[in-house]
Amino acid sequence: MKLTGKLLAFVIVTASVLVACDAPPKRLTDEERATREAAREAKRFADGEAAVEACKASRCERLDLDGTRLNDFTVLNDMSHVKALMISRTNFANLSDIANLTELQELHMSYTDVPDLNGLSAFSNLDILHMESLREKPSLEPLSTPALTGLVELALSPQKENSIAFVTNMKSLKRFRFGYGEVGNLKPLSGHPSLEKLSSNADILQWQRGLLQLPRLKEFYVDYSMKNLDPGIRDALEEKGLLVYAPPMVMC
């Protein structure tokens, strides 16, 4: 049946009224909200256990537990076949729980409750370490351990009171990201021999001219909020093709 203009307008108006009269979505009670969150948490634990079992069965080299939960992370210690471990946004809280995974080449543990980084000395084969936004804000001093001098990629959240002097010993470091935070002294980066990509959501503007002193720098990610970047520095970086507006690394 072909609708006339008036009939079509009537149908549209009627439908609009019906939609407008729909009851608003039901608001959850505190008890309902708690029940829903408990179900989500239970699923996170189930997903974590399932991922571990699947990795054990296949002897996987890459274990992605991001966003899940485990009752006991020490179960990973027997999985020496794992070379890359993703445990960001989990209930992970103690590096000693995975101390036997000495062959790890990648470790992603951002947004966890790790209070002490001394356990990183167990992982001398690491190429990639991501540890942004650690909720306990541990000291970064343990990053000076000789075990980490071979790092190629590092992501962390700076703390003004913490030195990044450890970077001077990381001669192979090519990709370095500062997450949200306040950076203290950045002079250790000056003249770094291998740094190619630098990314920051933190305030590193105090060290702007140092960017021009990195001999191998290929990309400097500038957050759109960095409005205080000196125009002369910006022009020099753009002239060299170093200034980019996309993160050089995917963080997790």
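A salt bridge here is a side-chain nitrogen of Lys or Arg within 4 Å of a carboxyl oxygen of Asp or Glu. The model is predicted, so local features need pLDDT of at least 70, side-chain atom pairs count only at pLDDT 80 or more, and totals for chains, interfaces and linings use all residues. Residues are numbered from 1 along each chain as its sequence is written, and side-chain values use heavy atoms, with hydrogens and water left out.

**Exercise 1. Work out which residues are linked with Glu37 in a network of salt bridges.**

Step 1: Start with the total, which is 12 salt bridges.

Step 2: Take Glu37, which pairs with Arg44 at 3.1 Å between the closest N and O atoms. Glu37 has 35% relative accessibility and Arg44 has 24%. Both count as partly exposed (buried is under 20% relative accessible area, exposed over 50%, partly exposed in between, with a 1.4 Å probe and protein chains only).

Step 3: Go on to Glu41, which bridges to Arg69 with the closest N and O atoms 3.0 Å apart. Glu41 sits in helix 2 (residues 30-58) and Arg69 in the loop between strand 1 (62-64) and strand 2 (84-86), so this pair ties together parts 28 residues apart in sequence. Helices (H or I, at least four residues) and strands (E, at least two) are DSSP runs, numbered from the N terminus. Glu41 is partly exposed at 24%, whereas Arg69 is buried at 16%.

Step 4: Put it together: the network links Glu37, Arg40, Glu41, Arg44 and Arg69.

**Exercise 2. Find the salt-bridge partner of Glu106, and say where the two residues lie.**

Step 1: The partner is Arg62, with 3.3 Å between the closest N and O atoms.

Step 2: Glu106 is in strand 3 (residues 106-108) and Arg62 in strand 1, so to speak a link between distant parts of the chain, 44 residues apart.

Step 3: Check the accessibility of Glu106: at 16%, Glu106 is buried.

**Exercise 3. Decide how the buried residues of helix 3 are arranged around its axis.**

Step 1: List the buried residues of helix 3 (residues 231-239): Ile233, Arg234 and Leu237.

Step 2: Look down the axis. These buried residues fall within an arc of 100 degrees, so they line one face of the helix; the arc is that of the directions from the helix axis to the C-beta atoms.

Step 3: Turn to the other side, where Pro231 and Glu239 are exposed.

Step 4: Finish just past the helix, which is followed by Gly241, with a positive phi near 75 degrees.
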